[in-house]
Amino acid sequence: MIVTIEQLQQSALYSEICDLITRDDDDVVKMQIFAAQSLAASYLFKYNLKEVFGDDSSEPMVAPTVKCPALEQIIIVIACYYLIRQASPNVDTELYREDYKQAIRLLEDIRDGHNNLTELHYVEDDPETPEDESNAIGVTWSSNPKRKNFF
């Protein structure tokens, strides 16, 4: 995981609030961080996810070498929102809900190409496949919603 429990407790939720919500179970916090990381990964398909988040056999390359504070903050915000949904002692849930919505909007902007995480690398092209996985062309397209005319 590229976000640790300590980072979450130092930047968003106090450790005593985290302990109240999770009943002193760090596995619950890890599960919510992993869920937030998985949600972020679903939007970041253009990037090399194995390099960013790691897998079962390798550690993430982002955390020790290249810092991506925007991505870390997005994961922290989403994980905090997931935690306070379980219980919210002395926590303003509306504030976290608004932060969560902004984080999702930012992930959607990154997915749609309106924003970019410059610290991360794109997926490299596999020469053994006919497709260009690298998105090196950089061309995407979409269309407007279908109009409905009423007379």
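## Burial and overall fold

Buried means under 20% relative accessible area. C18 falls in that class, with a relative accessible area of 1%. That value, like every other here, comes from a predicted model.

The protein chain has six helices and zero strands. Along the sequence the pattern reads α-α-α-α-α-α. Of the 151 residues in the protein chain, 34% are buried. Among contacts with a separation of 6 or more, 70% join residues 24 or more positions apart.

## The nonpolar core

The largest nonpolar core holds 41 residues. Within this core, L8, L13, L71, I75 and I78 touch the most other members. Six helices each supply at least two of its residues: α1 (5-11), α2 (15-22), α3 (26-43), α4 (49-53), α5 (69-86) and α6 (93-112). The most comes from α5, which gives 12 residues.

L8 shows how these contacts run. Neighbours within four places in sequence are left aside here. L8 is then in contact with L13, C18, V29 and I33. The list for L8 also includes I76, A79, C80 and L83. Two cysteines, C18 and C80, are thus among the contacts of L8.

## Two buried cysteines

What is the count of disulfides? It comes to zero. A disulfide is a covalent bond between the sulfur atoms of two cysteines. C18 is in no disulfide, and the nearest cysteine sulfur, that of C80, is 6.6 Å away. Seen from the other side, the closest cysteine sulfur to that of C80 is in C18. At 6.6 Å the two are too far apart for a bond, because the cut-off is 2.5 Å.

Is C80 buried or exposed? C80 is buried, with a relative accessible area of 1%. C18 is buried as well, also at 1%.

## Q37, a buried residue of α3

Q37 is found in helix α3. Its relative accessible area is 6%, so Q37 counts as buried. Which residues does Q37 contact, leaving aside neighbours within four places in sequence? They are M1, I2, F53 and I75. One of these, I75, is among the residues that touch the most other members of the largest nonpolar core.

## How α3 packs on α6

Two packed helices are described by the angle between their axes and the distance between the axes. For α3 and α6 the angle is about 30°, and the axes are 8 Å apart. On the α3 side, L39, A40 and Y43 make the contact. On the α6 side, the residues are Y100, I104, L107, E108 and R111.

What is the make-up of this contact? Six residues are nonpolar, none is polar and two are charged. E108 and R111 are the charged residues. R111 comes up again below, in a salt bridge with D112.

## Salt bridges

The structure holds three salt bridges. One pairs R97 with E94, and the closest N and O atoms are 2.6 Å apart. Both residues lie in helix α6. They sit three residues apart, about one turn of the helix. R97 is partly exposed, with a relative accessible area of 29%. E94 is partly exposed too, at 41%.

Another joins the side chains of R105 and E98, at 3.7 Å from N to O. R105 is partly exposed, at 44% relative accessibility. E98 is partly exposed, at 33%. R111 and D112 also meet through their side chains, at 3.0 Å from N to O. R111 is partly exposed, at 30% relative accessibility. D112 is partly exposed, at 41%.

## The loop between α2 and α3

Most residues other than glycine have a negative phi. R23 and D24 depart from this. R23 has a phi near 55°, a positive value. D24 has a phi near 60°, again positive.

Where is R23 found? It is in the loop between α2 and α3. D24 is found in the loop between α2 and α3 as well. R23 counts as exposed, because its relative accessibility is 74% and the class begins over 50%. D24 also counts as exposed, at 59%.

Methods: Residues numbered from 1 in each chain as written. Predicted model: local features only at pLDDT ≥ 70, side-chain atom pairs only at ≥ 80, totals over all residues. Heavy atoms only, no water. Core = buried A, V, L, I, M, F, W, Y, C linked by side-chain atoms within 4.5 Å. Buried < 20%, exposed > 50% of the residue type's maximum accessible area, 1.4 Å probe, protein only. Helix = DSSP H or I, 4+ residues; strand = E, 2+ residues; numbered from the N terminus. Contact = heavy atoms within 4.5 Å. Salt bridge = Lys/Arg side-chain N within 4 Å of Asp/Glu carboxyl O. Axes fitted to C-alpha atoms, helices over the stretch in contact; angles between N-to-C directions.
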